[in-house]
Every structure is written in structure tokens, then in C-alpha cells.
Amino acid sequence: MNQPRRQDLQPLKTNDTATILMGMVLWAVALVVLLLLGLDPEDRWWIWTCVSGLGLGVFGLWYVRPRHHPAPLPAAEEPLEPATAVPPASHVPPVPGREPTGTAEDPNRPVNG
């Protein structure tokens, strides 16, 4: 039997938030139905099962949210905006017939000190 190569396998694209919300809706409907039926005391564990399902759904939403909405980069790692970025010196077009000023070879350059 031909097995797929590891590089051919793609991760599944799923909407985890919608799946968790649908499960929570189903647990909530089951809880409402059980509360309307009025269960015997020995069957009240079904109510707590529904409540636990809702609680785990809330935890699941909290757990899955950061994957779908990544946190912003810290200030040190933010990319520079094009307006504030300093272009490299090689992008400055040279003026024909004139040497650039302010280089280390310029003897008239003032020395900071």
C-alpha cells in the first residue's frame, strides 16, 4: 500500500472557534432540556455534566484564541515603517562631477570632539 510522504501531508484548515461554540450551544440546549424535565435527585449528575461541558468550552475558547489572533510584536522587534526607515547609503544617487561630502576621505570635514 502506498503511504503518503511526510512532505505531502498538509495540516487541516479548521475553524476551531466555531467548533467549540457549536459544542457549547449543544451543551446549553441539553442543560435547558434537563432543567425543564426536572430530574430525580439520583440523575442530577447529568446537569453537572452539561455545566462541565460549558466550562470546558469556555476554557477551549480561551486556549484557542491566541492561535487565531497572535500577539503584536514587541517594540524592539517591530518592523520599521517606510517613512521612518533610513535607506542604505548605496541608494543615494551620486552627483556627476562632484564627490560626496561628509565622508572619511574629506579633509575639510569638521571633527566632532
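Begin with the whole chain in cartoon view: it contains 2 helices and 0 strands, where helices (H or I, at least four residues) and strands (E, at least two) are DSSP runs numbered from the N terminus. The model is predicted, so local features need pLDDT of at least 70 and side-chain atom pairs count only at pLDDT 80 or more, while totals for chains, interfaces and linings use all residues. Residues are numbered from 1 along each chain as its sequence is written, and side-chain values use heavy atoms, with hydrogens and water left out.

Next, display the surface of the chain. About 10600 Å² is exposed, and carbon and sulfur atoms supply 64% of it; accessible areas come from the Shrake-Rupley method with a 1.4 Å probe, and for residues only the protein chains shown count as cover. Of the 113 residues, 12% are buried (buried means under 20% relative accessible area, exposed over 50%, partly exposed in between; 1.4 Å probe, protein chains only).

Now select L31, L34, L39, I47 and C50, which make up the largest nonpolar core. Such a core is a set of buried Ala, Val, Leu, Ile, Met, Phe, Trp, Tyr and Cys residues joined through side-chain atoms within 4.5 Å. Helices α1 (16-37) and α2 each supply at least two residues of this core.

Centre on L31. Apart from its neighbours within four places in sequence, L31 is in contact (heavy atoms within 4.5 Å) with I47, C50, V51 and L54.

From there, move to V51 in helix α2. V51 is partly exposed, at 34% relative accessibility. Add W27 to the selection: V51 and W27 are 24 residues apart in sequence, and their C-alpha atoms lie 7.6 Å apart in space.

Turn next to the surface and select M22, V25, L26, V29, V33 and L37. These residues form a nonpolar patch with about 580 Å² of accessible area together. Nonpolar side chains (Val, Leu, Ile, Met, Phe, Trp, Tyr) are joined into a patch within 5 Å, from residues with over 30% relative accessible area and no salt bridge, that is, no side-chain nitrogen of Lys or Arg within 4 Å of a carboxyl oxygen of Asp or Glu. Within the patch, V33 belongs to helix α1 and is partly exposed, with a relative accessible area of 42%.

Finally, select F59, W62 and Y63, which form one aromatic cluster. Rings of Phe, Tyr and Trp (its six-membered ring) pair if their centres lie within 6.5 Å; planes under 30 degrees apart count as stacked, over 60 as edge-to-face and the rest as tilted. The count by this rule is 3 aromatic pairs. One of them, F59 with W62, is tilted, at 5.5 Å centre to centre and 40° between the planes. Both residues lie in helix α2 (residues 45-68), 3 residues apart, about one turn of the helix. F59 is partly exposed at 47% relative accessibility, whereas W62 is exposed at 59%.

Methods: Patches are made of residues with over 30% relative accessible area and no salt bridge: like charges are joined within 9 Å, nonpolar side chains (Val, Leu, Ile, Met, Phe, Trp, Tyr) within 5 Å.
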